[in-house]
Amino acid sequence: ETRMYHALLTTQANDKLYITHTSDSVMQQVVRFYDTYGDADKRMLSYLYLGSVYRDLQDAPRALHAYQLAAEAGQGSTHYQVLARIHYQIGLLFAYQDLPDEFRSATRQAALFYQKAHDVQGHAYALRNIARSYDMLHQTDSAAYYYQQAIDVLKEPTLSVDLQVLLSEYSAFLIKCGSYHHAERLIGQLSREYRDHDAI
């Protein structure tokens, strides 16, 4: 159990450091162990990081299956941050496969869990992704609504960098839609650093 938990934590740490996973062999062992022993939360985590391994290996079907098993293992869990990450990753996989409705559905779940976890940053980026899902369908009014919702969530000085990122993306979206005056107002809220580095 100690060896399996160490392997799980190591994979988790590498994932948080954006170190690319190159093999599924270790996490396959971890998943097999937690399928038989341990609690549901560790099983949920093991499938989450198995999904992350397959994501890095660009094996979308197996990544999606692993994330879905992680979500099933997490039913009833109060580890809302983990549940949010699972559904966020599921959403991204659907987005990469050009499935906007599925992308939005999974991301809505992520947004709810981020809210429960009181994760303002995660909640804002989930709302941003919901906006992107509507943009994929050329539903500009709905996309604009969720971009604005994301920005409203981030109206806190401690998250100014994330706010700049979202303002920049929303401004670019508005320019694409021809809403130049609205975009100009948002660009005016960008820091000089963002404007000088051609963020738009």
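A crossing of two helices is called left-handed if the near helix is turned anticlockwise from the far one by less than a right angle. Keep that in mind for the second stop of this tour, which walks through a predicted model.

**Stop 1: the whole chain**

Start with everything shown as a cartoon. You should find 11 helices and zero strands, so to speak an unbroken run of α elements from the N terminus on: α-α-α-α-α-α-α-α-α-α-α. Along the principal axes, the C-alpha trace spans about 60 × 30 × 30 Å. The protein has 200 residues, and 46% of them count as buried. If you like contact maps, take the contacts between residues at least 6 apart in sequence: 56% of these join residues at least 24 apart.

**Stop 2: helices H6 and H7**

Now select residues 100–116, which make up H6, and residues 120–136, which make up H7. Their axes come within 8 Å and cross at roughly 165°. Angles over 145 degrees count as roughly antiparallel, and H6 and H7 are therefore roughly antiparallel to each other. Turn the view until one helix lies in front of the other, and you can check the handedness: this crossing is left-handed.

Next, show side chains where the two helices meet. On the H6 side, pick Pro 100, Phe 103, Arg 104, Thr 107, Arg 108, Ala 111, Tyr 114 and Gln 115. Their partners in H7 are Gly 122, His 123, Ala 126, Asn 129, Ile 130, Arg 132, Ser 133, Tyr 134 and Met 136. Colour this contact by class and you get eight nonpolar, six polar and three charged residues.

**Stop 3: Ala 131**

Stay in helix H7 and select Ala 131. Is this residue buried or exposed? Ala 131 is buried, with a relative accessible area of 0%. Leaving out neighbours within four places in sequence, Ala 131 is in contact with Ala 143, Tyr 146 and Tyr 147. For a distance label, draw one from Ala 131 to Ala 111: the C-alpha atoms are 12 Å apart, and the residues are 20 apart in sequence.

**Stop 4: aromatic rings**

Time to display the rings. A pair of aromatic rings is described by the distance of the centres and the angle of the planes. With centres within 6.5 Å as the rule, the count comes to nine aromatic pairs.

Zoom in on Tyr 80 and Phe 113. Their ring centres are 6.3 Å apart and their planes are at 20°, so the pair is stacked. Tyr 80 belongs to helix H5 (residues 80–96) and Phe 113 to helix H6, so you are looking at a link between distant parts of the chain, 33 residues apart. Tyr 80 is partly exposed, with a relative accessible area of 25%, whereas Phe 113 is buried at 15%.

Then move to Tyr 147 and Tyr 170, another stacked pair, with 5.3 Å from centre to centre and 20° between the planes. Tyr 147 lies in helix H8 (residues 140–153) and Tyr 170 in helix H9 (residues 160–177), so the pair ties together parts that are 23 residues apart in sequence. Both Tyr 147 and Tyr 170 are buried.

For one more ring view, select Phe 33, Tyr 34 and Tyr 37, which form one aromatic cluster.

**Stop 5: Ser 52**

Finish in helix H3, residues 40–56, with Ser 52. Ser 52 is buried, and its relative accessible area is 0%. What does Ser 52 touch, not counting residues up to four places away in sequence? Show Asp 15, His 21 and Tyr 67, and you have the answer.

Note on methods. Residues numbered from 1 in each chain as written. Predicted model: local features only at pLDDT ≥ 70, side-chain atom pairs only at ≥ 80, totals over all residues. Heavy atoms only, no water. Axes fitted to C-alpha atoms, helices over the stretch in contact; angles between N-to-C directions. Helix = DSSP H or I, 4+ residues; strand = E, 2+ residues; numbered from the N terminus. Parallel < 35°, antiparallel > 145°, perpendicular 65-115°, else oblique. Contact = heavy atoms within 4.5 Å. Nonpolar A, V, L, I, M, F, W, Y, C, P; charged D, E, K, R; others polar. Phe/Tyr/Trp six-rings, centres within 6.5 Å; stacked < 30°, edge-to-face > 60°. Buried < 20%, exposed > 50% of the residue type's maximum accessible area, 1.4 Å probe, protein only.
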